[in-house]
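Grab a coffee and work through these exercises with the structure open beside you. Each one gives a task and then a solution, step by step.

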Amino acid sequence: MWAGFAIVLLAAFSFLYLIQFPVTRDFPWVNLLLFAVGGCFLAVGLKRAFGSPERYRGKISGIVLGVLSLAIFGLFYYGTFVLTRDIPSASGAPHPGTQAPDFTLSDAGGKSVMLADLIRNNRAVLLIFYRGYW
Amino acid sequence: MSEFRSRGVEIVAISVDSNKDSRELCSSRGYTFPFLSDPKAEVIRRYGVLHPRGGPDGHDIARPAEFLVDATGTIRWVNLTESISVRARPEAVLKAIDALSH
């Protein structure tokens, strides 16, 4: 039972490390797998505690750990699957094949940069819009 | 990074951050490509990637997105992610760039 809880904790916190790698960031399959394993351990522990209380202890701690684990899993799921997808659709974005809207913005050094200049000086330009506030 | 340069492709980052914030970000992370500041989200809006009140204090920000613009100013490839943690991978962008020349 305690092992199950430990695995659930590991499942949640290992994401902080695995988020560096695109394979485990885009879809956190390692974390979900760990959650599943931890859940199985907890389930077996709870079954033992309630099925044969004369041999195994831990009815109360089992319930506490089970509820905590569910809460951790819920938060993890919310954080990785709900919060990160809470962005508006970009239905108004220009499609491939259309002209890119020109712009003039200042760079980090305060220098004015025009899209027209960028494409003149390069074969292509990759515009990366990001959320900011880092 | 050098793979983009060797293909003649400039990377340009755009956000609502101020010049000063971008300068700090560049120096702390060692980024060498231009970071453009769009504090009023005008260009972000023009590209249809506005996330109204998505910022910490209710400010309008950009949703993550990538546009590949060729030398004629035509958009050739777009990536509009569904999730802020899923960004375009460099390999995918390089593939799109290589497809331009064919």
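**Exercise 1. Write out the order of helices and strands in chain B of this predicted model, then describe the chain as a whole.**

Step 1. Start at the N terminus and walk along: the elements of chain B go α-β-α-β-α-β-β-β-β-α.

Step 2. Tally them up, and chain B comes to four helices and six strands.

Step 3. Now for its extent: the C-alpha trace of chain B spans about 45 × 30 × 25 Å along its principal axes.

Step 4. Of the 102 residues in chain B, 51% are buried. Among contacts between residues at least 6 apart in sequence, 26% link residues at least 24 apart.

**Exercise 2. Which residues of helix H2 (residues 19-29) of chain B are buried, and why can we say they line one face?**

Step 1. Pick out the buried ones: Ser22(B), Leu25(B) and Cys26(B).

Step 2. Look down the axis of H2(B): the buried residues fall within an arc of 95 degrees, so they line one face of the helix.

Step 3. Flip to the other side of H2(B), where Ser27(B) and Ser28(B) are exposed.

Step 4. Check what sits over the buried residues of H2(B): the cover includes strand S2 (35-37) of chain B.

Step 5. Just past the end of H2(B), Gly30(B) has a positive phi of about 75 degrees.

**Exercise 3. Ala41(B) has a phi near 60 degrees and Arg53(B) one of about 55 degrees. For each, find the loop and decide: buried or exposed?**

Step 1. Recall the background: most residues other than glycine have a negative phi. Ala41(B) has a positive value without being glycine, and Arg53(B) is a non-glycine residue with a positive phi too.

Step 2. Locate them. Ala41(B) is in the loop between S2 and H3 of chain B, while Arg53(B) is in the loop between S3 and S4 of chain B.

Step 3. Apply the cut-offs, under 20% for buried and over 50% for exposed. Ala41(B) has a relative accessible area of 1%, so it is buried. Arg53(B) comes out at 62%, so it is exposed.

**Exercise 4. Work out whether His51(B) is buried or exposed, and list what it touches.**

Step 1. Place it: His51(B) belongs to strand S3 (residues 50-51) of chain B.

Step 2. Its relative accessibility is 12%, so His51(B) counts as buried.

Step 3. Leave out residues up to four places away in sequence. From chain A, His51(B) touches Asp86(A), Ile87(A), Pro88(A) and Arg131(A). From chain B, His51(B) touches His59(B), Asp60(B), Ile61(B), Ala62(B) and Arg63(B).

**Exercise 5. Which residues have the most contacts inside the largest nonpolar core?**

Step 1. The largest nonpolar core has 28 residues, and Leu127(A), Phe129(A) and Tyr47(B) have the most contacts inside it.

Step 2. See who contributes: among the elements giving at least two residues each to this core are strand S3 (124-129) of chain A and strand S1 (9-15) of chain B.

Step 3. Zoom in on Phe129(A). Beyond its neighbours within four places in sequence, its contacts include Ile14(B), Val43(B), Tyr47(B) and Phe67(B).

Step 4. Another core, of 18 residues, lies apart from the largest one and includes Trp77(B) and Ile97(B).

**Exercise 6. What lines the second largest pocket?**

Step 1. The lining is Ala12(A), Phe13(A), Phe15(A), Leu16(A), Ile19(A), Ile72(A) and Phe76(A).

Step 2. Sort them by character: seven nonpolar, no polar and no charged.

Step 3. H1(A) gives the most, with four residues. The space in this pocket is about 160 Å³.

Terms used. Residues numbered from 1 in each chain as written. Chains lettered and ligands numbered in written order. Predicted model: local features only at pLDDT ≥ 70, side-chain atom pairs only at ≥ 80, totals over all residues. Heavy atoms only, no water. 1 Å grid on protein atoms, 1.4 Å probe; cavity = no way out; pocket = protein on both sides within 12 Å on 5 of 7 lines; lining within 4 Å. Points joined across faces, edges and corners; volume = space filled by probe spheres on them. Nonpolar A, V, L, I, M, F, W, Y, C, P; charged D, E, K, R; others polar. Core = buried A, V, L, I, M, F, W, Y, C linked by side-chain atoms within 4.5 Å. Buried < 20%, exposed > 50% of the residue type's maximum accessible area, 1.4 Å probe, protein only. Contact = heavy atoms within 4.5 Å. Arc of directions from axis to C-beta.
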